[in-house]
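Open your viewer and keep the selection box at hand. Please follow the stops in order.

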Number of protein chains: 2
Amino acid sequence: MTQQHPLDAMLHLQPQADGSFVAHTHAGYANMVGPYGGATAALLLHSVLQHPDCLGQPLSLTVNFAGPVKDGAMHLVPRAVRTNRTTQHWLVELRQTDAETGAEVVSSTATVVTAIRRATVSADVIAAPAVPPALDCPAFDARRAMPWLQRYDWRMVSGNLPATWDDGQHPTQSRLWVRDVPPRPLDFASLTALCDVFIPRVWLHRARPVPVGTVSLTVYFHADSAQLAAQGDAHVLGQADAQALRNGFFDQTAQIWDAGGLLLATSHQIVYYKE
Amino acid sequence: MTQQHPLDAMLHLQPQADGSFVAHTHAGYANMVGPYGGATAALLLHSVLQHPDCLGQPLSLTVNFAGPVKDGAMHLVPRAVRTNRTTQHWLVELRQTDAETGAEVVSSTATVVTAIRRATVSADVIAAPAVPPALDCPAFDARRAMPWLQRYDWRMVSGNLPATWDDGQHPTQSRLWVRDVPPRPLDFASLTALCDVFIPRVWLHRARPVPVGTVSLTVYFHADSAQLAAQGDAHVLGQADAQALRNGFFDQTAQIWDAGGLLLATSHQIVYYKE
């Protein structure tokens with residue numbers, strides 16, 4: 001018997017009679033407080049893709065991190081609000097039971113659009129940057145880092161963690177190769193989690209590790225399941241940058257390319273920062 | 001008595017006993033079929049900002065255009081799913097009554113995050129492009145165009161509608177100055193609508209006017225109400241580009257700067273296209 005991959009263990013859903021699911025946080029994806037946000041985003045998407053009514057493949061996902069997710073049981077409540085011929089619109093709530101009141105509290109919400117896609121004239125407008133192959137790039141040693149960082153093999157290209165925290169004004173772009181640890185064939189859930197792996201842009205800009213927390217994350221899926229299958233468990237190439245840091249919130253834009261340089265997903269998030 | 005601005009007429013909300021609102025589509029913002037999507041997005045945001053429980057100012061908005069909005073009455077149902085000390089998370093549904101069945105159908109959904117923001121170290125990472133002043137740029141004559149196009153004064157900078165529809169491979173970036181017609185002091189609703197004014201990127205890339213429709217639109221608000229007030233009714237500078245066109249859907253990234261070159265908002269959308 002082979003051991004289940006931590007991501008698959010994390011994504012395990014217990015169907016409930018009313019069409020909702022129960023899942024549990026996984027120690028392997030623990031962050032400073034509660035689970036890694038990318039894992040939560042993956043779970044919210046997964047709850048839609050596992051729903052028996054789900055039509056097609058994911059096109060877009062927006063996750064709003066409304067409050068902390070506590071370690072333990074999570075109640076995932078996906079609801080199809082509209083089904084068209086080739087697209088479907090979902091709302092999902094992630095609820096947890098408040099230990100004091102016994103009431104369910106919304107920890108995160110998501111909207112998901114799924115679609116049946118057909119081949120059309122297609123083009124990547126932005127090209128993957130020319131970088132060395134993944135295995136030629138230095139590995140980030142995550143062995144003593146937070147658990148979720150150990151769930152990835154990091155091959156740093158540029159825009160890494162500052163070597164000196166000088167509170168200066170620095171470029172905000174990062175590039176890296178990354179894949180699951182242990183290696184796992186790419187799917188929509190793991191691709192979603194990969195969209196959130198980048199260090200906070202404010203840490204780069206200011207070279208100061210101020211407290212941060214993602215408020216809203218959006219992923220646009222350009223890949224279909226055939227492109228994911230072709231990628232297998234190879235490293236993906238990620239790039240992230242910021243457009244603005246303003247009064248407690250910065251934005252991040254990100255692109256994820258497959259090993260052959262074709263876009264898999266583009267992503268955006270807005271993130272709280274302190275000071 | 002001065003005549004009400006079309007945008008204010010469009011945004012007029014009738015409060016209902018259950019905390020929801022009734023509004024009506026406005027002929028001035030009519031698109032090919034139903035209202036201009038930017039106007040619908042503005043209305044969804046507005047319904048949250050007008051809600052008596054609303055905390056702070058908008059930080060992010062995601063609108064999913066689930067189905068066509070028909071001309072006539074709209075039922076806006078905002079719901080605060082979580083209120084924290086400085087942030088608040090909303091779900092909104094735009095429903096319309098199906099003429100045949102009499103049942104309410106969801107036409108659009110939105111998630112909104114509002115926040116009480118405090119001054120912090122801030123920086124625009126991307127600078128406004130150097131372009132001629134708005135009034136030195138050629139005006140696009142919208143007098144015979146669809147009604148919503150007549151609601152804006154267009155000052156074209158680059159990446160305009162193709163002069164020749166040659167079905168080629170062209171750059172996808174556009175820049176323009178734009179403001180409401182008649183001029184109207186900028187607010188969060190009008191800024192939201194401005195994030196959706198760009199012509200479809202696929203029309204530029206292919207120089208072919210294929211059918212299109214926005215599926216999901218996200219706006220990150222960097223401006224606060226003081227920056228909006230300082231802008232008044234001057235033209236804003238907009239820039240849009242695409243990252244990928246793939247199997248029926250392309251993405252669009254956009255930036256909106258104020259007259260002084262400070263970012264007001266950044267925006268993203270994913271758009272259906274045919275062929």
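The tour goes from an annotated span to a surface patch, then to aromatic rings and cysteines. Keep in mind throughout that this is a predicted model.

**Stop 1: the annotated span**

Select residues 29-112 of chain A. An unreviewed UniProt entry annotates this span as "domain: Acyl-CoA thioesterase-like N-terminal HotDog". Colour the span by secondary structure: 15% is helix and 48% is strand. Now pick the C-alpha atoms at the two ends of residues 29-112, which lie 23 Å apart.

**Stop 2: a nonpolar patch**

Next, show the surface of chain A and select Phe140(A), Leu161(A) and Trp165(A). Together these residues make a nonpolar surface patch of about 280 Å². Zoom in on Leu161(A). This residue sits in the loop between β8 (152-158) and β9 (174-180) of chain A. Is Leu161(A) buried or exposed? Neither label fits, because its relative accessible area is 43%, which makes Leu161(A) partly exposed.

**Stop 3: aromatic rings**

Hide the surface and show aromatic side chains. The structure holds 18 aromatic pairs over all chains. Start with Tyr152(A) and Trp154(A), an edge-to-face pair. The ring centres of Tyr152(A) and Trp154(A) are 5.7 Å apart, with 65° between the planes. Tyr152(A) is buried, at 4% relative accessible area. Trp154(A) is buried too, at 5% relative accessibility.

Jump to chain B and select Trp148(B) and Tyr152(B). Their ring centres are 6.2 Å apart. The planes meet at 75°, so this pair is edge-to-face. Trp148(B) is buried, with a relative accessible area of 8%. Tyr152(B) is buried as well, at 4%.

Return to chain A and widen the selection. Which residues form one aromatic cluster with Tyr152(A) and Trp154(A)? Add Tyr36(A) and Trp148(A) to complete that cluster.

**Stop 4: cysteines**

Finally, show the cysteine sulfurs. How many disulfides are there over all chains? The count is zero. Select Cys195(A) to see why one cysteine stays unpaired. The closest cysteine sulfur belongs to Cys54(A), and at 18 Å it is too far from the sulfur of Cys195(A) for a bond. A disulfide would need the two sulfur atoms within 2.5 Å. Cys195(A) is also buried, at 0% relative accessibility.

End in chain B with Cys54(B). Its nearest cysteine sulfur is that of Cys195(B), 18 Å away. Cys54(B) is in no disulfide.

Notes:
Residues numbered from 1 in each chain as written. Chains lettered and ligands numbered in written order. Predicted model: local features only at pLDDT ≥ 70, side-chain atom pairs only at ≥ 80, totals over all residues. Heavy atoms only, no water. Patch = residues over 30% accessible without salt bridge, like charges linked within 9 Å, V, L, I, M, F, W, Y side chains within 5 Å. Areas by Shrake-Rupley, 256 points an atom, 1.4 Å probe, with all protein chains shown as cover. Salt bridge = Lys/Arg side-chain N within 4 Å of Asp/Glu carboxyl O. Helix = DSSP H or I, 4+ residues; strand = E, 2+ residues; numbered from the N terminus. Buried < 20%, exposed > 50% of the residue type's maximum accessible area, 1.4 Å probe, protein only. UniProt positions renumbered as here; feature names shortened; annotations may be inferred. Phe/Tyr/Trp six-rings, centres within 6.5 Å; stacked < 30°, edge-to-face > 60°.
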